[in-house]
Amino acid sequence: MPELPEVETALRGVSPYLKGFMIEKIVVRQPQLRWSVSPELMALENVNLLKLTRRAKYLILHTEQGYIIGHLGMSGSVRIVPHNSPIDKHDHVDIVMNNGKLLRYNDPRRFGAWLWTENLEEFHLFLKLGPEPLSEEFNAEYLFKKSRKKLTALKTFLMDNAVVVGVGNIYANETLFLCGLHPLKVAANLTRKQCELIVDTIKNVLTKAIEQGGTTLKDFLQPDGRLGYFAQELLVYGNKGKPCPKCGTKIESLIIGQRNSYICPQCQKKK
């Protein structure tokens, strides 16, 4: 599944070809995605695209009439191609621009979404989202207060979008390893110092991943078709049985919240 760095990479990759140009039309070949494609998109013609932003793992295309909301789902990707480019299997949506380019959305599993809203602040999918992990609002004091009375596993707590958005399974594993914290530690038992360490590490890990273009895992491609390469530098995720890069102990795996988790039993002792 594309995580926050992959979505940010996609945003930065496609923006120069879309921002400031006009959307001539939107071609929808398969409207049945996770949610049905908004009918307003299929009727949209000749509107200026003002800018592109991101909220959590949603792409937001700001037009003069409203907002196009895109989500890549489990296996979706976007890329810039010329008009009249051959259509591949699973190419479900084209946003056709007036500069000879189009934004093409491909999604084999069809768990993504393309929606429309005229009021971004009241968009229903955004109402309960926590702060962005790279924002000033996400800080040690905020995380400490949020963790009070939370009896859930620390990894589950950090992956809760109501706490902080965009900390997916890959980066939660990497963060907790770097912090030396066990993923099953009870969130309510975090100290302020540990919260400070977690916040700083999340920001560093995500920033590094964005700079390097996201991960190579599963289906992710950068908008220019190149694979991201942060996966080559993952320390524990997917490395079961390999030596810990800190102490040499074999990496172990366990299931938490139906997701694979990876730990060094020596460096991340449950306390």
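## Exercises on the chain

Cysteine 195 is buried, at a relative accessible area of 0%; buried means under 20%, exposed over 50% and partly exposed in between, with a 1.4 Å probe and protein chains only. The model is predicted, so local features need pLDDT of at least 70 and side-chain atom pairs count only at pLDDT 80 or more, while totals for chains, interfaces and linings use all residues. Residues are numbered from 1 along each chain as its sequence is written, and side-chain values use heavy atoms, with hydrogens and water left out.

**Cysteines**

Task: Determine how many disulfides the structure holds, and check cysteine 195 and cysteine 267.

Solution. Start from the criterion: a disulfide is a pair of cysteine sulfur atoms within 2.5 Å. For cysteine 195, the closest cysteine sulfur belongs to cysteine 179 and is 10 Å away, which is too far for a bond. Next take cysteine 267: its nearest cysteine sulfur is in cysteine 264, at 3.6 Å, and cysteine 267 is in no disulfide. Cysteine 267 is partly exposed, with a relative accessible area of 22%, whereas cysteine 195 is buried. The count for the structure is zero disulfides.

**Overall form**

Task: Compare the radius of gyration of the chain with the value for a compact globule, and add the dimensions of the box that its C-alpha atoms fill.

Solution. The radius is taken over C-alpha atoms, and the globule rule is 2.2 Å times the number of residues to the power 0.38. For 271 residues the rule gives a value near 18 Å; the chain has 20 Å, which agrees. Along the principal axes, the C-alpha atoms fill a box of roughly 60 × 35 × 30 Å. Then consider burial: 52% of the 271 residues are buried. For contacts (heavy atoms within 4.5 Å), take those with a separation of 6 or more: 63% of them join residues 24 or more positions apart. The chain has six helices and 10 strands; these are DSSP runs numbered from the N terminus, with helices (H or I) of at least four residues and strands (E) of at least two.

**Domains and annotated spans**

Task: Give the bounds and the centre separation of the two domains, then set the UniProt domain entries beside them.

Solution. The bounds, which come from an automatic or database domain assignment, are 4-119 for domain 1 and 140-263 for domain 2. Their C-alpha centres lie 29 Å apart. Next come the UniProt entries, which are unreviewed: "domain: Formamidopyrimidine-DNA glycosylase catalytic" is listed for residues 2-112, and "domain: FPG-type" for residues 235-269. In residues 2-112 the end C-alpha atoms are 11 Å apart, with 17% helix and 43% strand. In residues 235-269 the end C-alpha atoms are 17 Å apart, with 0% helix and 29% strand.

**Annotated binding-site residues**

Task: Where do the residues of the UniProt "binding site" annotation lie?

Solution. The unreviewed entry names His90, Arg109 and Lys150; UniProt positions are in the numbering used here, feature names are shortened, and annotations may be inferred rather than shown by experiment. The residues span 61 residues in sequence and the farthest two C-alpha atoms are 41.3 Å apart, so they do not all gather at one spot. Histidine 90 sits in the loop between strand S5 (77-82) and strand S6 (91-97). It is partly exposed at 26% relative accessibility. Beyond residues up to four places away in sequence, histidine 90 touches Tyr105, Asn106, Asp107 and Pro108. Lysine 150 is in the loop between H3 and H4, and is partly exposed with a relative accessible area of 36%. With the same exclusion of residues up to four places away, lysine 150 touches Phe157, Val186, Ala187 and Ala188.

**Helix H3**

Task: Identify the buried residues of H3, what they pack against, and what caps the N-terminal end of the helix.

Solution. H3 covers residues 140-147, and its buried residues are Tyr142, Leu143, Phe144 and Ser147. These pack against helix H4 (154-158) and helix H6 (192-212). At the N-terminal end, asparagine 139 is the cap: a side-chain oxygen is 3.3 Å from the backbone nitrogen of glutamate 141. Just after H3, lysine 149 has a positive phi of about 65 degrees.

Terms used
Polar contact = N/O pair within 3.5 Å; in protein donor to acceptor, adjacent residues only side chain to side chain.
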